[in-house]
Amino acid sequence: MKEIRAIVRPNRLDRLREALRAIPNFPGVTIFKAEGFTAPAAVDKRTVKDELTDFTGKLMVCVLASDEMVDPIRNAIIEACSTGAIGDGLVWTVDIGNIHRIRDRAQL
């Protein structure tokens with residue numbers, strides 16, 4: 001099992017939802033509100049206002065999925081959320097040791 005995490009632009013959420021729902025047997029997604037900023041060396045700040053307001057609203061996307069589903073999910077996130085501009089976000093995977101459903105304690 002893997003957890004696929006991504007930081008994405010909030011205005012891409014509708015496209016992302018459609019892309020994920022189109023994946024056969026998609027297991028579900030959890031979305032968190034997040035704030036952050038990019039590496040200072042990656043962006044030329046042009047005004048004092050930009051310096052003082054560099055935290056931007058983002059969303060963190062979390063999906064728990066089987067190893068076989070990682071590539072389709074990651075690709076869907078990248079395709080749906082890419083604008084080609086700085087600040088599009090990141091996507092990464094994390095190994096999961098085990099998962100238990102709370103309702104019936106079943107190990108997934």
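R17 is partly exposed, with a relative accessible area of 35% (partly exposed falls between buried, under 20%, and exposed, over 50%, using a 1.4 Å probe and protein chains only). The side chain of R17 meets that of D14 in a salt bridge, at 3.0 Å from N to O; the term stands for a side-chain nitrogen of Lys or Arg within 4 Å of a carboxyl oxygen of Asp or Glu. R17 and D14 sit three residues apart in helix α1, so about one helical turn separates them. Helices (H or I, at least four residues) and strands (E, at least two) are DSSP runs, numbered from the N terminus.

A word on the model before we go on. This is a predicted model, in which local features need pLDDT of at least 70 and side-chain atom pairs count only at pLDDT 80 or more, while totals for chains, interfaces and linings use all residues. Residues are numbered from 1 along each chain as its sequence is written, and side-chain values use heavy atoms, with hydrogens and water left out.

**Salt bridges**

By this rule, the count of salt bridges comes to seven. Three of them are set out here, with the N and O distance for each pair.

| Pair | Closest N and O atoms |
|---|---|
| D95 and K2 | 2.2 Å |
| R9 and D88 | 2.8 Å |
| R17 and D14 | 3.0 Å |

D95 belongs to strand β4 and K2 to strand β1, so their salt bridge ties together parts that are 93 residues apart in sequence. R9 is in the loop between β1 and α1, and D88 in the loop between α3 and β4, so this pair links parts 79 residues apart in sequence. The settings of the two acids are worth a look: D95 is exposed, at 59% relative accessible area, while D88 counts as buried, at 15% relative accessibility. Elsewhere, R101, R103 and D104 are linked in a network of salt bridges.

**Strand β1 and its partners**

Let us turn to β1. Five of its seven residues are buried, so β1 is largely enclosed by the rest of the structure. β1 pairs with β3 in the antiparallel sense over seven bridges, where pairing requires that DSSP finds at least two bridges between two strands. Within this pairing, R5 has C62 of β3 as its bridge partner. β1 also pairs with β4 (residues 89-95), in the antiparallel sense and over seven bridges; here the partner of I4 is T93.

**The nonpolar core**

In soluble globular proteins, nonpolar side chains tend to be buried together. The largest nonpolar core of this model has 18 residues, of which L20, I73 and I77 touch the most other members. Such a core is a set of buried Ala, Val, Leu, Ile, Met, Phe, Trp, Tyr and Cys residues joined through side-chain atoms within 4.5 Å. β1 (2-8), α1 (13-21), β3 (56-65) and α3 (70-81) each supply at least two residues of this core, and α3 gives the most, with six. Leaving aside residues up to four places away in sequence, I77 touches I4, A6, V8, L16, L20 and V91, with contact taken as heavy atoms within 4.5 Å.

**Two positive phi values**

Most residues other than glycine have a negative phi. N25, however, has a positive phi near 60 degrees. N25 lies in the loop between α1 and β2 (30-36) and counts as exposed at 71% relative accessibility. R105, also not a glycine, has a positive phi of about 60 degrees; R105 is placed in the segment after β4 and counts as exposed at 70% relative accessibility.
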